[in-house]
Amino acid sequence: MIKSEKTQYDEGSIVHFEISNLSEEAGSEISYTLSGISEFDLESGLLTGTAIISDSGTTIISLPLTADALTEGVETLTITLGEFVDKTASVIINDTSKNPGTVTTTHLSLSLIHISEPTRQEAIS
């Protein structure tokens, strides 16, 4: 079985998955694959990894998320255990670094031109 303590996490937090009851011996390596996010969403930059089964038959996989400056919207992080393709769990990753949008600034400049008409004396000369 694989589960997470929460169903949602914010960018910059750490996702924890607990693996248990796999009928694996203590010390066994279990590979996993992450999907639904990019490598840039993880501090490690890796979408695959391995975990070691403890003497109690469980292990915790901790995945620190980056607080990037990209507006990506809500993402779903799914973990799949290597040889146990039917063993998956998913959590929601909330996008907390939303770009405020594009601000356009326009600079307007005015110049005044003064045209004076010649006086009568200037016109005669």
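The largest nonpolar core, a set of buried Ala, Val, Leu, Ile, Met, Phe, Trp, Tyr and Cys residues joined through side-chain atoms within 4.5 Å, has 23 residues in this predicted model, where buried denotes under 20% relative accessible area, exposed over 50% and partly exposed in between, with a 1.4 Å probe and protein chains only. The residues with the most contacts inside this core are Val 15, Phe 17, Ile 61, Leu 63, Leu 77, Ile 79 and Leu 81. Two or more residues each come from strands E3 (14-19), E4 (29-35), E6 (59-64), E7 (75-81) and E8 (84-94), strands (E, at least two residues) being DSSP runs numbered from the N terminus, and E8 gives the most, with four residues. Residues are numbered from 1 along each chain as its sequence is written. Because the model is predicted, local features need pLDDT of at least 70 and side-chain atom pairs count only at pLDDT 80 or more, while totals for chains, interfaces and linings use all residues; side-chain values use heavy atoms, with hydrogens and water left out.

Beyond four places in sequence, Val 15 touches Tyr 9, Ile 61, Ser 62, Leu 63, Leu 65, Leu 77, Val 91 and Ile 93, contact meaning heavy atoms within 4.5 Å. Glu 75, placed in strand E7, counts as buried because its relative accessibility is 13%, and its contacts, again leaving aside neighbours within four places, are Gly 36, Ile 37, Asp 41, Val 91, Ile 92 and Ile 93.

An open sheet is formed by three strands in the order E1-E3-E6 with antiparallel pairing, where pairing requires at least two DSSP bridges between two strands. Three bridges join E1 to E3, and Lys 3 stands opposite Glu 18 in E3.
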